[in-house]
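Me: I'd like a close look at one part of this model, and then a connected tour outward from there. Could you take me through it?

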Amino acid sequence: MFDLFRIVENRRYYFVLSLLVILPGVLAMIYNVITLPTHTPWRLSVDFLPGNRFEVKFTQPVSEDQIRSVFQSFGITNPAITRLGDPSENIWQVRTVFIEGERAQQIRSALAKVALLDENSTQIQSVSPTVAAQVTQAAVIAVIVATVAILLFIWWSFRKAEHAFRYSICAIAALIHDILIAAGITAIFSALFNWEIDALFLTAMLTVLGFSIQDTIVVYDRIRENLTRRRGESFETVVTRSLLETLNRSLTTSLINILVLTALLLFGGASIKQFVAVLLIGMISGTYSSIFVAVPLVVAWFERDLWGTKQRAPKMAVAGK
Amino acid sequence: MRQNTFIRLLIILALLAISAYIVLPTPKPDFVKNLVFWQEPRGRDLQIKQGLDLKGGLQVLLASDLPGGAQPIPEQMESARRIIEDRVNGLGVAEPIIQQQGDDRILVELPGVTDRNLAIDLIKQTGQLEFVDAGFTPPLDGTPISTTYSLYGGLLFPETLPTGKPISETLNAQAATKVYNTAFTGEILQSATPGLDTLGRNVVNFTIKPQFQEAFRRYTSEKLNQAMCIVLDQRVLSCPTIRAVLSADGSISGNFTREGANNLALVLSYGSLPVPLTIETTRDVGATLGADSIRRSLVAGAIALIAMIAFMVVRYRLPGLLSAVTLVFFMLTSLALFVLVPVTLTLPGIAGFLLSVAAAVDANVLIFERFREELRGGRTMRAAVEAAFQRAWTSIRDANISTLITCAILFVFGNTFGASAVRGFAITLALGIFVSLFSAMFVTRTLMRLTFSEQAETIEARRAVLLGV
């Protein structure tokens with residue numbers, strides 16, 4: 001019989017489940033790298049691409065050709081013009097090569113001559129090539145620095161336990177698991193629904209990272225406590241006991257977080273919806289990975305048995321409740 | 001009631017009252033506003049400051065554009081930043097942000113600006129001021145000219161600017177268009193003020209910074225009776241003739257009107273940017289988008305809060321009810337802290353705040369779970385309360401430290417490239433974490449002691465209903 005509470009013993013099922021979720025995301029990332037003109041795992045927004053984005057709302061209906069001719073009169077030969085929202089709203093998005101601030105404002109004035117603009121619902125963003133490159137670079141550095149800092153922190157806080165380093169590495173493995181799931185599902189949405197990633201996506205990724213570690217640390221903390229209090233028990237027993245003792249808290253907290261994020265997703269502003277969706281995915285993955293990845297991995301390392309299929313000594317078989 | 005617990009309760013009530021007073025949008029008297037002495041006097045209104053994405057407005061990122069791609073030194077960037085700040089303040093925008101980003105960028109955020117062209121013009125105007133050797137035949141005012149400094153950073157007095165190169169070194173013989181030799185940049189000026197000479201004519205009085213006085217004396221003695229043009233962004237403003245050898249101060253006379261003298265003095269004092277700047281990116285945010293987002297986020301926040309409290313009460317009964325009090329305390333003190341620091345609230349900032357709410361709830365969950373465990377383990381009510389806090393503390397501490405590490409990295413990351421949104425997220429989350437630590441370990445603990453330690457017998461009698469254990 002498959003016993004739900006034998007999480008550590010049955011780790012192979014949970015590892016396979018993780019891989020099944022990660023795999024499509026990774027495939028989507030590879031697919032995007034091949035098919036997207038930028039050759040990146042996700043569709044990039046103007047935050048990462050040098051260029052301008054005009055979002056204009058006209059008060060009267062205008063045609064795409066009218067907009068195009070305005071841009072062409074400024075020497076911009078191939079602007080990408082798309083209509084946003086309902087046709088009756090007259091909202092258009094135009095993406096162009098990088099245009100200097102002053103000239104962008106001149107274009108705005110020229111557009112206003114085609115039909116009056118709703119000034120309050122009109123935005124212009126422009127990013128120069130150097131800024132875009134630096135954003136990407138800073139992002140990669142931020143992720144690496146955060147990971148290393150957290151690795152060192154866990155190592156330090158487990159310094160009294162045996163093989164403290166293994167706990168850090170497994171926590172980082174769970175973290176990479178969560179980042180892969182969140183980033184992978186974003187890549188799927190990027191391929192299917194044209195999601196674009198912006199600077200907020202990086203915020204989301206780093207928050208997922210925080211979530212993941214926070215959850216893992218609470219479980220680890222209980223293992224650390226039980227290791228000193230229950231010296232007679234086998235390692236696997238202590239770990240399973242710690243998992244079950246913290247299960248209530250893990251589920252309660254993640255249910256509350258899901259409540260908060262769902263409220264934000266359903267009722268919050270449209271501009272943060274994608275951000276919240278990525279957080280929600282990362283948060284669920286974070287709770288899952290702290291229980292079913294980070295901790296079983298530590299045991300697997302101690303027993304030198306990744307899938308938990310080796311013959312067990314009889315006293316180990318009593319592990320569980 | 002123990003005296004200790006009583007004092008703690010008084011502190012909590014006092015903090016609640018102060019926070020509620022700060023957060024509620026009632027008009028506050030001036031002496032209260034002036035208590036926040038660390039804030040800019042202009043911004044002391046004790047209200048939550050809204051960022052660009054909520055309020056709408058203009059964001060401009062300026063980058064240094066020194067000839068030859070040279071790196072500016074920190075002092076130059078700082079004085080450039082201050083000059084722009086002075087100009088922007090003249091525009092009358094509420095709560096502008098003028099910050100240095102990285103080594104060579106300045107971020108300008110102008111919330112609520114309606115005339116965007118005017119704002120961009122104003123920032124652009126803070127161009128490069130040069131004093132140019134024009135010989136005996138000065139160009140007319142308003143003529144665009146080429147200068148050695150704008151072409152390759154060439155200066156007659158290279159020692160006056162760390163980035164300047166002597167003209168002799170870089171001299172080229174292209175005489176197709178006349179290239180004027182730049183003598184000094186605007187950096188040599190200490191101050192410039194409009195005034196009247198002895199005949200009652202409008203003049204501009206100026207003083208030279210001490211370290212440049214010797215160079216200025218040498219130049220004016222060599223070029224006596226020749227013209228020295230004042231050039232802003234390669235356009236001639238005025239070409240006064242050098243009438244005397246000058247070193248520390250002097251005055252420029254011409255056929256100035258009072259207004260003309262005033263304008264020239266302004267350009268001389270504020271337009272003398274030590275570093276030329278170009279506009280690198282601009283973001284222009286419509287206001288109604290922001291207003292709608294605020295309203296929606298407030299609704300979402302309220303719904304989330306109610307759902308959270310309901311969940312806590314159903315799951316933990318009486319302790320859950322206590323945590324509702326803690327949560328209200330947490331929210332009020334956090335918001336009050338945002339007003340006091342002050343934190344400019346952006347959309348990701350609101351998201352960061354709501355996440356810190358989740359962390360605050362998690363701390364309570366950790367404590368209540370421990371409390372139940374200790375009760376099930378057979379401890380008395382009073383001992384269980386103390387043990388729950390003691391044993392939950394290491395988990396709460398470690399989990400929050402890891403979040404703070406992430407916050408610090410996000411903050412640095414947001415600072416380096418002008419993503420103020422990312423920085424806003426990190427600040428509100430970090431502040432929220434600190435407040436949540438205090439609310440869990442101080443407020444929840446005091447409330448738990450008040451109810452469970454003081455009323456242990458009453459609660460014990462109705463244990464199944466009140467605790468669910």
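Reply: Happy to. Let's start at B:P342, which sits in the loop between α11 and β16 (344-345) of chain B. The peptide bond that joins B:V341 to B:P342 is cis, with omega at about -10°. That deserves a second glance, because most peptide bonds are trans. Keep in mind that this is a predicted model, so confidence matters as we go. Helix α11 (residues 318-340) of chain B has the highest confidence in chain B, at a mean of 93. At the other end of the scale is helix α7 (residues 167-170) of chain B, where confidence is lowest at a mean of 52. Chain B as a whole has a mean pLDDT of 81, and 86% of its residues reach 70 or more.

From the loop we can turn to the side of chain B that touches chain A. The contact takes 61 residues from chain B and 68 residues from chain A. About 5500 Å² is buried between the two chains, and carbon and sulfur atoms give 62% of that area. Five salt bridges are counted between chain B and chain A. One that you can find easily pairs A:R249 with B:D362, whose closest N and O atoms are 3.0 Å apart. There are also 11 residue pairs in polar contact between the chains, counting pairs with both residues at pLDDT 80 or more. Several elements of chain B each supply at least two residues to this side, among them α5 (116-125), β15 (277-285), α10 (287-316) and α12 (347-376). The largest share, 16 residues, comes from α13(B). By type, the residues on this side of chain B divide into 32 nonpolar, 14 polar and 15 charged. For the complex, the predictor gives an ipTM of 0.76 and a pTM of 0.71.

Elsewhere in chain B, B:K33 lies in helix α2 (residues 30-33). Its C-alpha is separated by 41 Å from that of B:A388, 355 residues apart along the chain. Setting aside neighbours within four places in sequence, B:K33 is in contact with B:K28, B:R44, B:D45 and B:L46.

Now for the partner. Chain A averages a pLDDT of 83, with 89% of the residues scoring at least 70. One stretch calls for care: pLDDT stays under 50 over residues 314-321 of chain A, for which the model has 10 contacts beyond four places in sequence. Where pLDDT is low, the predicted coordinates should not be read in detail.

Over all chains the structure holds 24 salt bridges. Within chain A, A:R11 forms one with A:E303, the closest N and O atoms being 3.3 Å apart. This pair links distant parts of the chain, since A:R11 is in helix α1 (residues 11-35) and A:E303 is in helix α8 (residues 273-303), 292 residues apart.

The backbone of chain A has its own points to inspect. A:H39, in the loop between α1 and β1 (43-44) of chain A, has a positive phi near 55° although A:H39 is not a glycine. Phi is positive again at A:N194, near 60°, just where α5(A) has ended. Helix α5 (residues 164-193) of chain A itself has 30 residues and reaches 43 Å from its first C-alpha to its last, close to the 44 Å expected at 1.5 Å a residue.

Terms used. Residues numbered from 1 in each chain as written. Chains lettered and ligands numbered in written order. Predicted model: local features only at pLDDT ≥ 70, side-chain atom pairs only at ≥ 80, totals over all residues. Heavy atoms only, no water. pLDDT = per-residue confidence, 0-100. Contact = heavy atoms within 4.5 Å. Helix = DSSP H or I, 4+ residues; strand = E, 2+ residues; numbered from the N terminus. Expected span 1.5 Å × (residues − 1). Buried area = accessible area lost by both parts, 1.4 Å probe. Salt bridge = Lys/Arg side-chain N within 4 Å of Asp/Glu carboxyl O. Polar contact = N/O pair within 3.5 Å; in protein donor to acceptor, adjacent residues only side chain to side chain. Nonpolar A, V, L, I, M, F, W, Y, C, P; charged D, E, K, R; others polar.
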